[in-house]
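Work through the exercises below with the structure open beside you, and try each task before reading its solution.

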Amino acid sequence: MAILYNTDKSLKERVADCLEDDFKHNAIKTAQEVFYVGRGKLVAEMEGWEDLRRHAVEVRNHVTENLDYYVKQFAQNAEKNGCIMHYAPSGDDALWEVLDIFEKHGASYAVKSKSMMTEEVGLNEILEETGIKITETDCAENILQTAESKPSHIVVPALHFDREAIAQIYREKRGYDGSSVPEEITHYLRKILRHEFMEAEVGIRGCNFAVASTGSVTLVTNEGNGRMVDSFPKVQIVFVGIDRIVPDLEALDTMMALLPRSAVGAKMTAYFSLDSGPAGPGEVDGPEEVHIILMDNGRHTLANTEFSDMLRCMRCGACLNICPVYRHITGHGYGSIYPGPMGLVLTPGLVGYDDIDNMVYACSLCGACSEHCPVGIPIHDLIREHRIKIVEEHKNHAIEVPIFKALELFWSNVPVYKFGMKVGEPIMKALAHGDTALAEDSAWIPVVKGWTSTRDFDILSSTRFRTWFKEHKEEQAAQKAHGVEGGEQ
Amino acid sequence: MALGNKTLDDLLTPISKQLEHTGVANNVELPAWDFKAVRVTDGMSAPELVDLFAAEAEKVRVAVHRCARTELATCLGSIVAEGVPETGEACTVVCANDERFEQGGVYAALEAQDKVTKLTVWDETRGQENVDAALTATYGITFAAAGIAETATIVQPTNPKCGRAISLLPLVHVAVIDAATIEPTMLEVMENCTGKKLPSQVCFISGPSATADIELVRVEGVHGPMYVHYVIAE
Amino acid sequence: MRIAFFPGCMVDMMYPEIGIAAVNVLERLGCEIEMPEEIVCCGQGLVNSGYREETKAAARMIVDAYDTPEYETIVSLTGSCMNAIINDYPLVFKDEPEYLKRAERLRGKFFEFTDFIVNELGVTDVGAEFNDTVTYHKSCHVTRLLGIKEPPLKLLENVKGLEYIEMAHADRCCGFGGTFSFKQPVIAGEVVYEKCQTIIDTGANVICGADVPCLLNIKGALGRLRSEGKLDRDIRVMHIAQILDSRG
């Protein structure tokens, strides 16, 4: 899978599919509220929250402004820790490096803990094509892999399946014979996956933050699959994005004070590991070899542009959990592995405008995302910035251009506006059949149908406010004049 | 350009160019941040930090025990004396190789329990056997390097005497934390680590392994321990 | 106090009664109101759709009309348009230094209607009486982007006879979003119908707000629910100015 998926359907079709699925629709709404309420409670009781946010912004900006330096510092220090470094300017470079590692070890079996970077480059598909077995070990990711489905939420990606569907997937694909009680299914996964962790030759994982001063990588999980992946397979491959770097351990604390609270409404996740190189002498478990794939894949093109704020993103999902659009169209509506508000900024930032359909218009610019972002990204402004770029690069739909050109004229010329009102008022009145609003029966009219297909639209009033105001002022002046003459004041 | 075999420079050059840097700087000083966030632990005394640590631990479903340093053996003995949680069956125990356990008579106390059929003390010379023992053990016992009061987190570094498996594979993880090592927040732990050679892994653990992946129903004991005990030695 | 009034084009086109109510309220509070004639629309819909260049003509017109020495204080009846003027015009004019400077000057002179009454005039009781149950939509632009949270609620609190009932998620977007409503009607529909449900759930007879575009959207959705028989009572949609202008 690359960044975009399900592109044979249009945004409109994907959205329609999502809205049809009541279970999925409601599951995402519930998840939003659970995470949002949890986050809200913790943030409210944390006096220093805004200070931490501000500091996170200055730290992350400092790294972005000196990205080349910090990438180099991290790489050199990780190498000093004994990690084997692989540099991947592109996603394909990353795939090439991974395949090379498997080939050198003659390995054919890997376990993976959830990593957006590997999704971004389509790692699973490539490994499977070359006959390498790769097992997703996060419960939700394993459900998705077994069901051959895609994530609908970035933190709880399999929320679109109910318990019965999940039990059925494992009954069919893995011979599960238990009930659909979540606890029983989860403990079944514990059993079957534990075996896989012990057998696999390679562990593949992501990295939440990479520490430049120590060359360390980190992993945040609740289930413990990340720890299993980085404790038992002898060869470990770590995907690190160049936008994951923090300067030092103190900065790491700031980020970790923000991340779990923002992501899942918890002060801390069950596990957070700080890994600095392969197992040391005398250590029985832990990887013998650690390969770090340091990947760019288009990220640097955001630096030093209007979009550089996006390089602060820590993928917490807080913006998804507050978005009024995401809650309805779910992760599947967007057609990108990066959905929701952050996805609307990042996806076109990485893949450009040619294949994203109307994605960046799936946003009301309400600003809730920007308000909640723990690293202060003006997300809704950046979504609009993409729209501006699309128009500047002439990648907008040709059909809409005359409409906006007409609005340009109409909204900037009083006589044209007044004429429009004069002509428009009786037309709308006629279309409303004596009512005060256009109803669904006007949904055959282009543009208007965009509105009236779902809502009524009030018609133009018979008088203009400006007309009333002018008369009102004239009346006042007349009264005043009269008052003065009569000596009443 | 051919795929793979890229150098660090291949990665860095486009970044420098985008930033309009003529090359990668030799040194970048961190700005002098004027930053100190208010934390809930500000102004707390050491005993208050221990209380907060214990209270937060209970919130994340950790069983908390507080005992005198001299009574560690008795306390740990009584925990494993329960056998397998819920069934009460006989159990095996894997334990870190720690001088404080040795001196406190912990190993003897563990072995003395009727329900403990086998005690494995981590021994680097026996390699994979340690992991195999942890794989089937009911209890894994470690001595944490530090605790974090704000989040009820324990800091568990890995080393030849305490492998990653002990706190990960058994059904129950029992972590001993010396009250004197409980820090207010992660920041103090990070500051203590700064400038030192870090072990291959420092794991920050805050409660049992858990998931809410199926219908947001919380289930404990996914890949790691289902039950976690903190024993605070004071 | 002498003020310039910015009604927003929707008031001019569709809801003169809202503008009239606001003028009544402000005049009662002793304001002498002026309004330039050469205005149409702030152009927000264009820039939010990405048509930055095309926004300039409308934006220049607004700047020319309001950035004059005679207007020291400008009161906007719509938070959304005011946000566009003070926060988006710098982007629109980023390559037009002269208008950029003038737009930035406007920033300090613009006040949202409720904020002006409470924080500039220092009035929280305008002497209104409105005997009904009311809920208030905390629109994104007024509440979040302009950060005006307390003033409208304080004003409602002091209206005689008014019973305020807060809706759930009162600050969640109504789904208007300018051209978003036309470009993504299905999504916008989902969002507004959820908003309507939270309004209906309060049991209030009146929904009010301080942003005209949201009210148009909410009114359109409640109207559709009513005509389809999915809503069994009338819920009035009003601008807060109309409530403040009520006299029992």
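**Exercise 1.** Find how strand S2 of chain B pairs with S3(B), and name the bridge partner of Thr92(B).

*Solution.* Strand S2, residues 91–95 of chain B, pairs with S3(B) in the parallel sense over five bridges, where strands (E, at least two residues) and helices (H or I, at least four) are DSSP runs numbered from the N terminus, and pairing requires that DSSP finds at least two bridges between two strands. Next, look up Thr92(B), whose bridge partner in S3(B) is Lys118(B). The model is predicted, so local features need pLDDT of at least 70 and side-chain atom pairs count only at pLDDT 80 or more, while totals for chains, interfaces and linings use all residues. Residues are numbered from 1 along each chain as its sequence is written, and chains are lettered from A and ligands numbered from 1 in the order in which they are written.

**Exercise 2.** Place these strands in their sheet, and explain why one side of S1 and of S3 of chain B is left without a neighbour.

*Solution.* Six strands of chain B form an open sheet with parallel pairing, in the order S1-S12-S7-S4-S2-S3. Because S1 (63–67) and S3 (116–121) of chain B stand at the edges, each has a single partner strand, and one side of each lacks a neighbour in the sheet.

**Exercise 3.** Describe chain A as a whole, beginning with how many helices and strands there are.

*Solution.* Chain A has 20 helices and 12 strands, and its C-alpha trace spans about 105 × 50 × 45 Å along its principal axes.
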